[in-house]
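User: I would like to go through this model by asking about its residues and elements in turn. Please keep the answers short and end each on the value or name.

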Amino acid sequence: MLNSLASVNHLLLKKRMNNLDWQFDAPYTQTWAIQNAHIDHYNHVNNVAYLSQLESLAWAHTNALGLRFEDYQALDSAMVIHRHELDYILPCHQGDELACSTWITACDGRLHLTRQFQFICLRRFKTVFKAKTEFVCARLSSGAPRRMPQAFKNTYCGAVIPQ
């Protein structure tokens, strides 16, 4: 009985998240329940918590695409952050639940990858946060820039969403 109830709840959540006002089609999405540990002295979600959620969501999406950190190690390659653009649109508070989405919006197949994010508050059905992160391919062993290995090209360039 509990498994069937969990399945129904999962389907309802998935349907609800598919009907949100996403900036692009086919988002990779997870939910984030705001806890006390995410709250700052202004009594809303701390900016560092948003950064942590970006990293977690990007890794989950990368894993879902079929790349793991072990693959990065085997290839002596990583996509490292070059630049973040963060737009805090509305404050969120303890108890809020956010639908957090990401898309790969550009990949040149050489050095650069761009990922965009959008977080929507499920209580207000409003976008509360947007971000854009630019990555550069680098060697894990030295940190020096390097061309993307074929596995990165296939995975990341193949996941770019049409705009």
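User: Is tryptophan 103 buried or exposed, and what is its relative accessible area?

Analyst: This is a predicted model, in which local features need pLDDT of at least 70, side-chain atom pairs count only at pLDDT 80 or more, and totals for chains, interfaces and linings use all residues. Residues are numbered from 1 along each chain as its sequence is written, and side-chain values use heavy atoms, with hydrogens and water left out. Buried means under 20% relative accessible area, exposed over 50%, and partly exposed in between (1.4 Å probe, protein chains only). Tryptophan 103 is therefore buried, its relative accessible area being 1%.

User: How many aromatic pairs does the structure hold, and what is the geometry of tryptophan 22 and tryptophan 103?

Analyst: Rings of Phe, Tyr and Trp (its six-membered ring) pair if their centres lie within 6.5 Å; planes under 30 degrees apart count as stacked, over 60 as edge-to-face and the rest as tilted. The whole structure has 14 aromatic pairs. For tryptophan 22 and tryptophan 103 the ring centres are 6.1 Å apart and the planes stand at 70 degrees, so this pair is edge-to-face.

User: Which parts of the chain does that pair link, and how many residues apart are they?

Analyst: Helices (H or I, at least four residues) and strands (E, at least two) are DSSP runs, numbered from the N terminus. Tryptophan 22 sits in the loop between helix 1 (2-18) and strand 1 (28-33), and tryptophan 103 in strand 3. Tryptophan 22 is buried too, at 12% relative accessible area. The pair links distant parts of the chain, 81 residues apart.

User: Why does the pair of tryptophan 32 and tyrosine 50 count as edge-to-face, and which elements hold the two residues?

Analyst: The ring centres of tryptophan 32 and tyrosine 50 are 5.7 Å apart and their planes are at 85 degrees, so the pair is edge-to-face. Both residues are buried. Ring pairs link them with Tyr88, Phe119 and Phe129 into a cluster. The pair ties together parts that are 18 residues apart in sequence, because tryptophan 32 lies in strand 1 and tyrosine 50 in helix 2.

User: Which element gives the most residues to the largest nonpolar core?

Analyst: A nonpolar core is a set of buried Ala, Val, Leu, Ile, Met, Phe, Trp, Tyr and Cys residues joined through side-chain atoms within 4.5 Å. The largest has 18 residues, of which Trp32, Val45, Tyr50, Leu98 and Phe119 touch the most other members. At least two residues each come from helix 2 (47-65), strand 3 (97-107), strand 4 (112-121) and strand 5 (126-138). The element that gives the most, with 5 residues, is helix 2.

User: What residue follows helix 2, and what is its phi?

Analyst: Helix 2 has 19 residues. At its start, a side-chain oxygen of asparagine 46 comes to within 2.7 Å of the backbone nitrogen of valine 48. After helix 2 comes glycine 66, with a positive phi near 110 degrees.

User: Where does aspartate 76 lie, and what is its phi?

Analyst: Aspartate 76 is in the loop between helix 3 (69-75) and strand 2 (78-88). Aspartate 76 is partly exposed, with a relative accessible area of 22%. Although not a glycine, aspartate 76 has a positive phi of about 50 degrees.

User: Which residue in the loop between strand 4 and strand 5 has a positive phi?

Analyst: The residue is not a glycine, and its phi is about 55 degrees. The residue placed in that loop is phenylalanine 125.

Conventions
Expected span 1.5 Å × (residues − 1). Polar contact = N/O pair within 3.5 Å; in protein donor to acceptor, adjacent residues only side chain to side chain.
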